[in-house]
Structures are given as structure tokens and as C-alpha cells.
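I opened the model to look up a few points and wrote down what I found. The entries follow in the order I made them.

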Amino acid sequence: MCASGKYSSRGPALIPRMKTRHRIYYITLFSVVLLGLIATGMFQFWPHSIESTADWTLDKRSVHDAPLVRLPVSSPIPERGDLSCRMHTCFDVYRCGYNPKNRIKVYIYPLQRFVDEVGVPISSTGLSREYNDLLSAISDSDFYTDDVTRACLFVPSIDVLNQNSLRIRETAQALAMLPRWDKGMNHLLFNMLPGGPPDYNTALDVPRDRALLAGGGFSTWTYRQGYDVSIPVYSPLSADVELPERQPGPRRYFILSSQTAIHREYRAELERLKEENGEALLLLDKCSNLSQGAASARKRCYKGQVYDYPQILQESSFCVVLRGARLGQAALSDVLQAGCVPVILADSYILPFSEVLDWKRASVVIPEEKLSEMYTILKSIPHRQVEEMQRQARWFWEAYFSSMKAIGLTTLQIINDRIYPYASRTYEQWNNPPVVKWSSVNSPLFLPLIPPRAPGFTAVVLTYDRIESLFRVITEISKVPSLAKLLVVWNNQNKSPPEESLWPKIAVPLKVVRTKENKLSNRFFPYDEIETEAVLAIDDDIIMLTSDELQFGYEVWREFPDRLVGYPGRLHLWDHEMGKWKYESEWTNEVSMVLTGAAFYHKYFNYLYTYKMPGDIKSWVDAHMNCEDIAMNFLVANITGKAPIKVTPRKKFKCPECTAIDGLSLDQTHMVERSECINKFASVFGTMPLKVVEHRADPVLYKDDFPEKLKSFPNIGSL
């Protein structure tokens, strides 16, 4: 305490009181130093280079503020471009390295203004709004990095979207001056309008060494498969005009042509088609009575009548997209936005993103020489398939065409999938809309590959009360190697199924479903228990099919998953005397139906049969307790436009309990009823969708004189 008191009493003497003017001086000095430290810290962590995302917005940075780079006349020029380049020869995948997210990193070069020695810019337009939007999208994405040492892919800030605005030699020199150019290795250029008069090359004419090209007009001659990326030609109308999505279905016009710069030979052929088909085809051209400008670009005319463009595209089922001076046309994007199925006539054109997109789901591609046959070709497409294509066309536009952002990020994702193939997007992810009708069930119309053998098939047995025969069927089916599950549809509401202990013991799950009403359509209901894509519909008295026959039928279905694959075939014929269709079961060289008493099909058709069967066909079948198999044949043929596939030589299912006399009597009545069904269904569908074929599928070596042990399916059975 004494020491404390002593120190306290001597404090003022040891530390003299600071004068007021000195105190103000030191406070000011301290404040300046403190502010300096704060400012230094802020600048240390604040993004201060052009690579930051904010810098890629025109509102925040003008191209005029970018540093000026003068190109000497003697600047090196890259090589023309190596057509042999592939990812394993001209791309350094090791630069991408491994990362937990399996995502490439993309670096965007700082913005610069390149001019020649006399100060003339290399481009007449500078940085276009479209290219600015593209760079902004990349810089805002997960692909972007501002660390050049981490980059796998380099994107120049030099805008080469439109070759018409470029000075070819000087642009090439500017590319060669990029610090990481290295003969274009791992560099990506975006170009939508390649070539120029008179030849209009289908790839960018700027020499670019080994750089990847995302091009908007590739032909099979200039496209480097698996290296370049074919992109769409962006339509500025996408941003300016909003077209509400329209429900798929028939439209006012069947075919519409709206392009204005069509070669005179093509226009003459279209006019001839117009004369032959009348109002079904609308042939538009530019409006000669309107002044040129933005407003006239959104108008089309036919004989003085003015139509709003692109709105008029929504009034047609099919829209023609013909090649112009360039293969790639912005009209393709407008057509997709309208939900109109594009009819593409551009020989050798590499369709946008065709590396991953299945264009047969959304378009019709016709050789230019078959333009005269276009109407006939399109008329042969089933109505339901047209609706699917309309829906898919609109979704393609929304996902991949609607903006420069969508185009740019899709391009990067395709390149990313090449570099990290084990983490790439699947066919379904690229081609199936996020919201799929009847969740998790894909239409078999466009399966890209043979369905895998592993999942097997689900056998659905429709039964009423033939217990002994049912158990024999279950026992025989259980011998088929690819059987995954057996589902018994108990169609008797007055009698309970046998106790669990009485059922045959089989190696796969067996499930019994009890129905509320005795309806034939119950066999085609989309039960939740059906988890496989393949379904075998089979009656409870079909005990004559061998396990080899059933396994072979499943293998054939795997090759043709959009078909009905069955055993006995039947035929429809036109009775000229009666003036109507008739059902034929005689042995002939032709088949147009297979009996679903034992037939394989895709479970997708269960949904269509139950929820989308036209008219009153389903209720008519249930009321007459007949012809559900004919109805399914009509449905599948109408959807696919294809005939069923008959397998093995078996001609009929023999009924073990029928006598010859009963069979003859029943057969006469049966034939009349079945003929009535065909005429009824043809009336409801408004057409005859059944297709006639003259072939069947048999196993290889089936008839050959080889030892049985060498044959995969030795026991095919008898007629």
C-alpha cells in the first residue's frame, strides 16, 4: 500500500501534463495512421481486378475504360486450326486436376481494347451485349475462378460471336498475345455467326490454333466430334418477346414457314406444297408494305395479311427451319420457344448440343432433297407423338436456348462431362423435363440404349378362380431366369384367394392384389408393385409356354422396348363386301396384333391405357368383357407408329379345358365380337393405327442342325 501511495503521489511529477497543442497534434497523427491501416486492410481483401464478377456488367464497367493494347504488324498469327484435334490430343486434362466437386474452373481474361498500329479496333462493335451477358453468366457460376493458376479452361474477353464485325488477321493476333494462349491449349471461343460472303464457312475463319470452338453453324465437315461444341444461334427475340407456354395438341395450321431469306428453289417447292394442301400450310414472307426497322422484324405477311412474329409460330404443329446462307438459324430458337415442332432441312448441319440432346424427341430432320415429301412424312407421325415432341421442344428452349446464360453454362457442362465422365449427367438428366408425368416412369419411345438385363421383368397374372391352372402358371413362370417379381391380380370379389401356405414356393417375391370390380382392364392398371420397366401380361391358363420361350421374348423386348412383344399373332383385314374391318386368326404371312394373353410391354403403356385411352374404349371393353388386348394393340401402335413383334413360331394358345365342338361354336361368335371391337376402336381413334408386318423373331441357331447344348434357347416349343 505504501508503494502504491508513493507512486500515486509522484505520478504527475514523472509524467508532465501534455500541452493542448501537442495533444491535438498526436491525436490527429494517430487518427491518420489508424485510417491508413483500415484502408490497407480493405484494399487487401476487396476485389480489385477485372476478374471479379461485378466487373462483367456493362452498367459497372465500360469497354472504353479497359486498357488499350496496340498490335504490332509483326505480331504472330496462330495456325488456321487443327481439324484432327480431340480432347486427348489438344487439351491438357491434367491442368483440371482432381477436385471433390468434379467441376472445371474457368478463368476469364481481363477486358482489353485491341487496336492495330494506327489505332483501328479489331472489332467494329467492341463487346456486344450478348457476349457481355455470356461472360457475366460464367463469372456468376460455380465454374468461375479469378485465380489463373487454378484454371482448367480459359475464355478470352475478345468477342468473336459475330464474324461479320471482326478483322480476321488482327483478331487472330490479339488471341496469340494472350498470356496463357500456348497455341490455344485449353482455350474456349464462342462464335454464333461464322463465315462470310461468298462461301460462308461453317466454322469461325479466325485462325485459332488448338482452341475449342463453341460454334453456331457447324457442318459435318468442320465439326470436330467430341472436341468442339455445337451451340444454337441466339435469337434476340427470346429476351424481347414473352410467349406463354401453350398446351400440346392440334393447332390451326399443320405446317408453317416463317423464314424470309429462303433460297428461291426452296420457296418455289414450298409454294407448290401450299397449292396441294391448302390451308394446312401457311407460307409467310417479309412484309413489303412496312418500313424497315425493329417493328417490321416482328411481322410476317401472306398476301397482304400481316401476322405477329414469333407469336404466329404457336398456331402451327410443325414449323419449317431451312438453311440460309449459314447452316445455323436463329429461327430454330424461335420455333422451339413457340412449342412448335421444328422440321429441319439443312443437310450436314450439326444440331445444337447434339452431343447430349436427343433431337428426335423434339424435331423432325428431313433431307433437303425430300422437301417435296415433307407433308406426307409429317402426316405419318402419330398424334400422341407430335404432342410429346411439342412439349419437348418447348422444354429444350427453356433449358438450353432461352438466354446467353443457358447457352454458355450448357457448353461448360458438356465440357465438364468430358473431363469428369464418371460424374457426368445422364441421358435422362439432359433430356427429361424436371417434372415428369407419372413420376419415375419414362416413355419407352426414346430410350437411347437397350434396357439393362439386370432388373428383369414383372409377370402380371390376371385370374378369377382357376386355382389349379394358376398355380401351374406360377410354377412355370418362376423358372424364367429374368423374372423379378410375380403379381397376381385377383379379379373375383366373391371369393377370397387361397391361404398363403397353399401358394407355390418360388424364388422371387409373389404379391396378390385384390380388385374392387371384375374388369378386364384391371390387368393393365399401373400397380405400384410393378417396379421394373418390363411387364409380362399373362393369363392364368397359359401353361404351354416354356421358360426358354418366355426368356427369349424378354430378350427381344429389351431390343425393342417401345413394342408389344408376343407369341400368337393376329391380323386385321378390310372386308370389301361388308365395307368394314374384320378380325382374322388364320395362319397367314402377316401380323398386325399379338395376343396379350402372354406379351411383354413397357409399363408406361399401363398409364396410357388407364388414364389416356381415347373415348370410351376402356369402359366399352369392361362392359363387353372382351378385346382388352386389341385395345392395347391399338394404343401402342397409335403412340409409336410401329407394329408389334411376334416371337417364336407359336400360332395359338391351346385351351386344355375346351372340347372341339365347344371350340368351333365359340370361335364363330368370338370372331364376330372381335371384328366388332376393331371397327369400334378404329371409329374412336379416327384412323386405323395398326401396322402390318411379315416377319417374326426367332433365336439364332433355332433351326440349325447343331447340338442342343450349343443353343441359347433350345426349348422353343411347338406351334
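**Entry 1. The annotated stretch**

Which residues does the UniProt annotation "coiled-coil region" cover? I looked it up in the unreviewed entry, and the record gives residues 256–283. The model I am reading is a predicted one, so I compared the record with the predicted coordinates. Over residues 256–283 I find 50% helix and 18% strand. The C-alpha atoms at the two ends of this stretch are 6 Å apart.

**Entry 2. The chain as a whole**

I took the overall figures next. The chain has 719 residues, and 52% of them count as buried. I count 19 helices and 25 strands. Of the contacts with a separation of 6 or more, 77% are between residues 24 or more positions apart. The exposed area of the chain is about 35600 Å², and carbon and sulfur atoms supply 53% of that area.

**Entry 3. Strand E15**

I went to strand E15, residues 457–463, and asked how many of its residues are buried. The count is 7 of the 7, so the strand is largely enclosed by the rest of the structure. The cut-off for buried is under 20% relative accessible area. I then split the strand by face. Phe457, Ala459, Val461 and Thr463 are on one side, Thr458, Val460 and Leu462 are on the other, and all are buried. Both faces of E15 are therefore covered, in keeping with the enclosure of the strand.

Which strands pair with E15? One is E16, residues 483–490, which pairs with E15 in the parallel sense over 7 bridges. In that pairing, valine 460 stands opposite leucine 487 of E16. Another is E18, residues 534–539, which runs parallel to E15 and is joined to it by 6 bridges. Here phenylalanine 457 has alanine 534 of E18 as its bridge partner.

I also followed the chain from E15 to E16. With helix H14, residues 467–477, these two strands make a β-α-β unit, and the unit is right-handed.

**Entry 4. Cis peptides and positive phi**

Most residues other than glycine have a negative phi, and most peptide bonds are trans. I looked for exceptions.

I noted two cis peptide bonds. One joins proline 197 and proline 198, with omega about 5°. Proline 198 is in the loop between strand E5 (188–191) and strand E6 (212–215). The other bond joins tyrosine 309 and proline 310, with omega about 10°. The loop that holds proline 310 runs between strand E11 (305–308) and strand E12 (316–322).

For positive phi I noted two residues. Asparagine 186 is not a glycine, yet its phi is about 65°. It lies in the loop between helix H5 (168–176) and E5. Is asparagine 186 buried or exposed? Its relative accessibility is 0%, so asparagine 186 counts as buried. Aspartate 209, also a residue other than glycine, has a positive phi near 55°. Aspartate 209 is in the loop between E5 and E6, and I record it as buried because its relative accessible area is 9%.

**Entry 5. Three helices**

Helix H11 covers residues 383–401, which is 19 residues. From first C-alpha to last I get 26 Å, close to the 27 Å expected at 1.5 Å a residue. The buried residues of H11 include Trp395, Phe396, Trp397, Tyr400 and Phe401. Polar or charged side chains are on the buried list too, among them Gln385, Gln390, Gln392 and Arg394.

In helix H12, residues 404–419, I looked at asparagine 416. Its relative accessibility is 5%, so asparagine 416 counts as buried. Leaving out residues up to four places away in sequence, asparagine 416 touches Asn102, Arg103, Ile104 and Phe143.

The last residue I looked up was phenylalanine 681, in helix H19, residues 660–685. Why do I list phenylalanine 681 as buried? Its relative accessible area is 0%, and the cut-off for buried is under 20%. What does phenylalanine 681 touch, not counting residues up to four places away in sequence? I find Ile617, Trp620, Val621, Cys627, Ile630, Ala631 and Phe634. From phenylalanine 681 to glycine 615 the C-alpha distance is 9.0 Å, and the two are 66 residues apart in sequence.

Note on methods
Residues are numbered from 1 along each chain as its sequence is written. This is a predicted model: local features need pLDDT of at least 70, side-chain atom pairs count only at pLDDT 80 or more; totals for chains, interfaces and linings use all residues. Side-chain values use heavy atoms; hydrogens and water are left out. Buried means under 20% relative accessible area, exposed over 50%, partly exposed in between (1.4 Å probe, protein chains only). Helices (H or I, at least four residues) and strands (E, at least two) are DSSP runs, numbered from the N terminus. Two strands pair if DSSP finds at least two bridges between them. A crossover is right-handed if, with the strands pointing away from the viewer, the path from the first strand over the helix to the second runs clockwise. Contact means heavy atoms within 4.5 Å. UniProt positions are given in the numbering used here, feature names are shortened, and annotations may be inferred rather than shown by experiment. The expected span of a helix is 1.5 Å times one less than its number of residues. Accessible areas come from the Shrake-Rupley method with a 1.4 Å probe; for residues, only the protein chains shown count as cover.
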